[in-house]
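Ready for a few exercises? Have a look at the chain first, then try each task before you read its solution.

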Amino acid sequence: MTEPRVKIDPDLCIGTGDCWRLAPDAFVLDESRGVSTPKPGAASTDIALLEEAAFNCPTRAITVTKT
Ligand code: SF4
């Protein structure tokens with residue numbers, strides 16, 4: 001099975017929290033930087049949920065690709 005790859009551009013993220021509220025198993029706040037970061041298990045999260053998070057990110061900081 002193909003697993004998605006999840007990236008967040010820390011220069012674009014403004015820490016709104018939309019992504020980790022929508023997919024708490026995939027994203028978490030990096031408190032030291034005030035930005036979101038993918039969790040280690042993010043790739044096992046349902047790709048539709050990851051794509052929804054990417055779509056709803058106000059700054060388009062999230063990239064989801066199939067590896
Ligand atoms: S939704 Fe986008 S801007 Fe908001 S915390 Fe997540 S990655 Fe950052």
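Below are four short exercises, each with a worked solution.

This is a predicted model, where local features need pLDDT of at least 70, side-chain atom pairs count only at pLDDT 80 or more, and totals for chains, interfaces and linings use all residues. Residues are numbered from 1 along each chain as its sequence is written, and side-chain values use heavy atoms, with hydrogens and water left out.

**Exercise 1. The ligand**

Find the residues that surround the ligand, and say what kinds they are.

Step 1: Count the neighbours. The ligand has 13 residues around it, where near means that a heavy atom of the residue lies within 4 Å. The closest are Cys13, Thr16, Gly17, Cys19 and Cys57.

Step 2: Sort the shell. There are 7 nonpolar residues, 5 polar ones and 1 charged. Here Ala, Val, Leu, Ile, Met, Phe, Trp, Tyr, Cys and Pro count as nonpolar, Asp, Glu, Lys and Arg as charged, and the others, Gly among them, as polar.

Step 3: Look for the main contributor. Helix H1, residues 18-22, gives the most to this shell, with 3 residues. Helices (H or I, at least four residues) and strands (E, at least two) are DSSP runs, numbered from the N terminus.

**Exercise 2. Two of the closest residues**

Place Thr16 and Cys57, and decide how open to the outside they are: buried or exposed?

Step 1: Place them. Thr16 is in the loop between E1 and H1, while Cys57 is in the loop between helix H2 (47-56) and strand E4 (62-66).

Step 2: Recall the cut-offs. Buried means under 20% relative accessible area, exposed over 50%, and partly exposed in between (1.4 Å probe, protein chains only).

Step 3: Apply them. Cys57 has 11%, so Cys57 is buried. Thr16 has 35%, so Thr16 counts as partly exposed.

**Exercise 3. Sequence against space**

How far apart in space are Cys57 and Gly15, C-alpha to C-alpha?

Step 1: Start with the chain. Cys57 and Gly15 are 42 residues apart in sequence.

Step 2: Go to space. Their C-alpha atoms are 9.9 Å apart.

Step 3: Try another partner. Gly15 and Pro4 are 11 residues apart along the chain, with 22 Å between their C-alpha atoms.

Step 4: Add the setting. Gly15 is in the loop between strand E1 (4-8) and H1, and at 26% relative accessibility Gly15 counts as partly exposed.

**Exercise 4. A charge and a ring**

Which residue lies over the face of Phe55?

Step 1: Name the residue. Arg60 does, at 5.3 Å from the ring centre. The test asks for NZ of Lys or CZ of Arg within 6 Å of the ring centre and within 35 degrees of the ring normal.

Step 2: Check the backbone. Arg60 lies in the loop between H2 and E4, and its phi is near 55°, a positive value in a residue other than glycine.
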